[in-house]
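User: Please take a close look at a single part of this structure and describe it in detail. Please then set that part in the context of what surrounds it.

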Amino acid sequence: MATEERGCVLGRIEQMIRHTIWSSGSEGIVVGLSGGIDSAVAAALCCRAVGPEQVLGVSLPTSVTPPSDMVDAADLARVLGIQHIIQPIDPILAAYTDLEGYRETPYLNGNLMARIRMTVLYYYANRDHRLVCGTSNRTEYLLGYCTKFGDNAADLQPILHLYKGDVYELAADFPIPPAIISKPPSAGLWHGQSDEQELGLTYPVIDAALRSLQAHQWVASGAVEEQVLAKVKNSTHKRVAGPNLLTGSEGPQ
């Protein structure tokens, strides 16, 4: 992405953030800081759009969160000049063990973590009359690599239209700590978890496949594009409203 193009992308995002905040009458933004690249860029964009004094960063670690992630999140908050809260969610997660028939698997626990984190972010947003900023990117959104009503639930999504590679390119425009940019992407849902290992492909390969698929009306060419397209199709339910029988717009027009 050329410098000039990045400037246009940044300008459009900042305008969207400001319009969303001002039109809602909100008093600021809450963003979850995981210590990863997506939340770092999203937080930096919010600071640039409305000022760091209106941005609250909240980190929500568990026992499987690498301590270095919290160090990176704290470093980011310090560099951006935003207020930062660290709130472990293990006690909340533990309460679910009382559910009848409770079972613990990486899939079930991971979804619980994502939904608990979003619930806590909304608590702080409601408390302070703020909006929750999402940190999902286009690559993961199209693949369905997100949790319904978890990390894909938010009031605004400043990087949802950007592929993972685009997010890294925008990071160059902000004072994001090098440790955040260089670390392997991870959702931090279990010890040693890696996004690319779980997805089975690297982000550059996935981005290239998605760009090609979109350019060719979602007709796959080759095994990699077939693999990516299958993920996109299988996750359609995450990108559309739940089935319902409403017929047209409800309420006054």
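Analyst: A residue is called buried here when its relative accessible area is under 20%, exposed when it is over 50%, and partly exposed in between. The model is a predicted one, and the part chosen for the close look is strand β2, residues 55-59. By that cut-off, 5 of the 5 residues of β2 are buried, so the strand is largely enclosed by the rest of the structure. The burial concerns both faces of β2: V55, G57 and S59 lie on one side, L56 and V58 on the other, and all are buried.

The sheet around this strand explains part of the picture. β2 belongs to an open sheet of 4 strands, paired in parallel and ordered β3-β2-β1-β4. The edges are formed by β3 (83-86) and β4, each of which pairs on one side only. On average, and with direction ignored, neighbouring strands of the sheet are turned by 25° against each other. As a general point, the strands of a sheet pair through backbone hydrogen bonds, either parallel or antiparallel.

On one side of β2 in the strand order stands β1. These two strands pair in the parallel sense over 4 bridges. Within this pairing, L56 of β2 is found opposite V30, and G57 of β2 is found opposite V31. V31 also stands opposite C133 in β4; β1 and β4 run parallel and are joined by 3 bridges. The side chains of β1 alternate in direction: I29 and V31 point one way, whereas V30 and G32 point the other way, and all of these residues are buried.

Helices pack on this sheet as well. α2 touches β1, β2 and β4, and its direction makes about 165° with that of β1. α3 touches β2 and β3, and its direction makes about 160° with that of β3. β2 is therefore enclosed with contributions from its surroundings, as 5 of its 5 residues are buried, and both α2 and α3 touch this strand.

The nonpolar cores add to this description. In soluble globular proteins, nonpolar side chains tend to be buried together. Here the largest nonpolar core holds 36 residues, of which I17, L33, V41, L45 and I176 touch the most other members. Two or more residues come from each of α1 (3-24), β1 (29-32), α2 (37-50), α3 (67-80), β4 (131-133) and α7 (164-171). Among these elements, α2 gives the most, with 11 residues. I176 touches A40, V41, L76, A171 and I181, if residues up to four places away in sequence are not counted. A second, separate core has 18 residues, and L56 is included in it together with I89, I116 and V120. L56 of β2, opposite V30 in the pairing with β1, is thus a member of the second core.

Elsewhere in the model, a further packing arrangement deserves mention. Helix α10 (residues 203-215) and helix α11 (residues 223-234) pack at an angle of about 80°, with their axes 9 Å apart. Angles from 65 to 115 degrees count as roughly perpendicular, and α10 and α11 are therefore roughly perpendicular to each other. α10 contributes V205, A209, L210, S212 and L213 to the contact, and α11 contributes V224, E225, V228, L229 and V232. By class, the contact has 8 nonpolar, 1 polar and 1 charged residues.

Some loop residues complete the account. W218 lies in the loop between α10 and α11 and has a positive phi of about 60°, although it is not a glycine. With a relative accessible area of 31%, W218 is partly exposed. H129, in the loop between α5 (106-128) and β4, likewise is not a glycine, yet has a positive phi of about 55°. Its relative accessibility is 40%, and H129 therefore counts as partly exposed.

A187 sits in the loop between α8 (178-182) and α9 (195-199) and is partly exposed at 36% relative accessible area. Apart from neighbours within four places in sequence, A187 is in contact with R117, Q193 and D195. A187 and C146 are 41 residues apart in sequence, and their C-alpha atoms are 9.4 Å apart in space.

Notes
Residues are numbered from 1 along each chain as its sequence is written. This is a predicted model: local features need pLDDT of at least 70, side-chain atom pairs count only at pLDDT 80 or more; totals for chains, interfaces and linings use all residues. Side-chain values use heavy atoms; hydrogens and water are left out. Axes are lines fitted to C-alpha atoms, for helices over the stretch in contact, and angles run from 0 to 180 degrees between N-to-C directions. Angles under 35 degrees count as roughly parallel, over 145 as roughly antiparallel, 65 to 115 as roughly perpendicular and the rest as oblique. Contact means heavy atoms within 4.5 Å. Ala, Val, Leu, Ile, Met, Phe, Trp, Tyr, Cys and Pro count as nonpolar, Asp, Glu, Lys and Arg as charged, and the others, Gly among them, as polar. A nonpolar core is a set of buried Ala, Val, Leu, Ile, Met, Phe, Trp, Tyr and Cys residues joined through side-chain atoms within 4.5 Å. Buried means under 20% relative accessible area, exposed over 50%, partly exposed in between (1.4 Å probe, protein chains only). Two strands pair if DSSP finds at least two bridges between them.
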